Amino acid sequence: MPEQGALSLPTGESADGTRVEEYQFKPPRRPIRGYPELWWAGKRPFTSTRYYPAQLKETYGEAVDGGRADGTPIRGWRNKLYWGDNLQVMSHLLKEFRGQVDLVYIDPPFDSKADYKKTVKLKGKQVSNDHSAFEEKQYSDIWTNDEYLQFMYERLILLRELLADTGSIWLHCDHNASHYLRSLLDAVFGQGNFRNQVVWKRTSARSDASTFSQIHDTLYLYSKGESFAFNPIYIPYSQKYIDSKYGNRDADGRRYQLDNITSPNPRPNMTYEWMGHSPPVNGWRYSRERMEQLHHEGRIWYPDDKSKRPRLKRYLDEQPGLPLQSVWTDINPVNSQAAERLDYPTQKPVALLRRILEASSNPGDLVFDCFMGSGTTQSAALKTGRRFLGADINLGAIQTTTKRLIQVAKDLSEAQGTLDPDREGDVPEALYAGFEVYNVNHYDVFRNPAQAKDLLLEALEVQALEASALYDGEKDGRMVKVMPVNRLATKQDLNELLTGFDLRTFDKRKQAQPNRPVEKLTLVCMGHDPDLRPTLVSQVREMGYAIDVEVVDILRDRQDLQFKREAEALVEVEDGMLVIKAFYPMNLLQKLSLMQENVDDWRELVESVMVDWNYDGAVLTPQVVDVPGSDELVKGAYLVPDDAGTIRVKITDLLSESLEVEVQT
């Protein structure tokens, strides 16, 4: 769709005076008569974004050469994972990958009004009571409807910009917002580019006294243009179908069914006698030469009665299966006993993602998931020979995916060349196993954005307001609003305030004290546009009111605040061994102390240990990757190679918080 392409790439000036790139794009066309438009309070166009820098933090594996299905070579590819707000991540990716992504799969928040939690338990311990495990909130899927729609609208536009002209997008959702999301997809990608609505049965039937139970999710498939990848998927025949259709057997036991070999249309050149059988009225389906070949191959069945026609044998073992339809009931969810279970909320099965990737992309294609979660899309891409990009705002998702990809790459590497590549689960021809981990925009104050607001209110000594739908707290007579965390606060983020103000209360205050502001408001943010405050004051003035606004910028004004206690460790080199003697993850230990849980071995608190024997001062490139199984402990001692220089050790605890320390040999 050319009308949705790039207009220009001008430069703008950031708050610190440096020049930054901006990316502009046309919004979806306004609908013509007869085509509805989804609208919500405070809807605003999204026509540009700015470039955000990314910092390379870690590198795993080697860059790989390969090729695409059309023969285009791929040189020196490494996959990429990004920790940050996916709007900023995609704004960063536009510079290199605009129009380059072949397939997008997203499993965004469903607007389910729920908190999603991950169960954390000590390593190497049998969980016998509630003290050995606890839950930690990973993210909140709680929105006002307007916020949710604007959030998804902006991200779908950026995804459209990243997609290749022949690319497509799968959006995974449930009943909570599926109707809104399809309307957004229609607006962003065009109704004519809708390709499929797939129903996935995600759980078994259950009883619900008040309504029909919700047991399925919905997946929408849209293409960016008229041309797009689609590979038919076949599923195995049921035994009932086989018994009814393939009841005949050869002497060697091969099952087959009989098919007609008469021509459906008149073909005089195919009218000939065959093996004593008169030709059909329209002639045979095949030429004499082809019939002779089929005869010698034993593929023609002959009746004893010459008045009946010979028929073709179609063997069961040569059929691809039944063409997959739009209702998928054959893929089970990830249950608590599954080997791939990572105890990550909303985790989807690899089989589901593998099917989507194989249907809508080809080996060597580039796949992107900006709501990465536990990394199922990336795992499926690795297993099917696709390249990938991934992003998530939750550091726990980054750590979980990193650990998962390391293990998948190890398993595939060990199996490469030893298994049949046509079988499910076997290794692809090209294994794009290397990947890099980036931070975007340096917003790494908080490990878990789901907890950021509570930590901010606590650190600033703000009295939280549970009952308010608009404000987060109150301090010194001022209402407090926490702006989006882990990213720059922009003028667009003021929309919730402008649409949520209680104007009746404002009117009463204005009448009582005409010369005083109707509200005293403090905005708490982590970086902000310089015109954030004057924009809010001006827009409220246009509404007929005066407002007193102050902005507290954590990154600029309150750098001395402590949101979390840093971990500590004792790491030494002794007798040629790198030894971790002690590790104290303060936040995790604080949680455990509240549960009166005793820890006998520091390794019970550790998810992984990475060691870079020659750290370059910028990027961690681990040569030791100690990621044990769920009930196993890290080693804690590692042989130092003779050529070791500056040693960098990264220890990640069960909360996905990491400590990095340097050791000199």
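## A buried isoleucine

At 8% relative accessibility, I300 counts as buried (under 20% relative accessible area, 1.4 Å probe, protein chains only). This is a predicted model, where local features need pLDDT of at least 70, side-chain atom pairs count only at pLDDT 80 or more, and totals for chains, interfaces and linings use all residues. Numbering starts from 1 along each chain as its sequence is written, and side-chain values use heavy atoms, with hydrogens and water left out.

I300 sits in strand β17, residues 300-301 (strands are DSSP E runs of at least two residues, helices H or I runs of at least four, numbered from the N terminus). Skip the neighbours within four places in sequence, and I300 still contacts (heavy atoms within 4.5 Å) W274, M291, L294, H295, P310, R311 and K313. L258 is 42 residues away from I300 in sequence, yet their C-alpha atoms are 8.9 Å apart.

## Where two helices cross

Now for α6 (residues 350-360) and α7 (residues 376-383): their axes, lines fitted to C-alpha atoms over the stretch in contact, come within 9 Å and cross at roughly 60 degrees, on a scale from 0 to 180 degrees between N-to-C directions. On the α6 side, the contact is made by V350, L353, R354 and L357. α7 brings T376, T377, S379, A380, A381 and K383.

## The whole chain

Zooming out, the chain has 14 helices and 35 strands. Of its 665 residues, 49% are buried. Among contacts between residues at least 6 apart in sequence, 69% join residues at least 24 apart.

Notes. Buried < 20%, exposed > 50% of the residue type's maximum accessible area, 1.4 Å probe, protein only.
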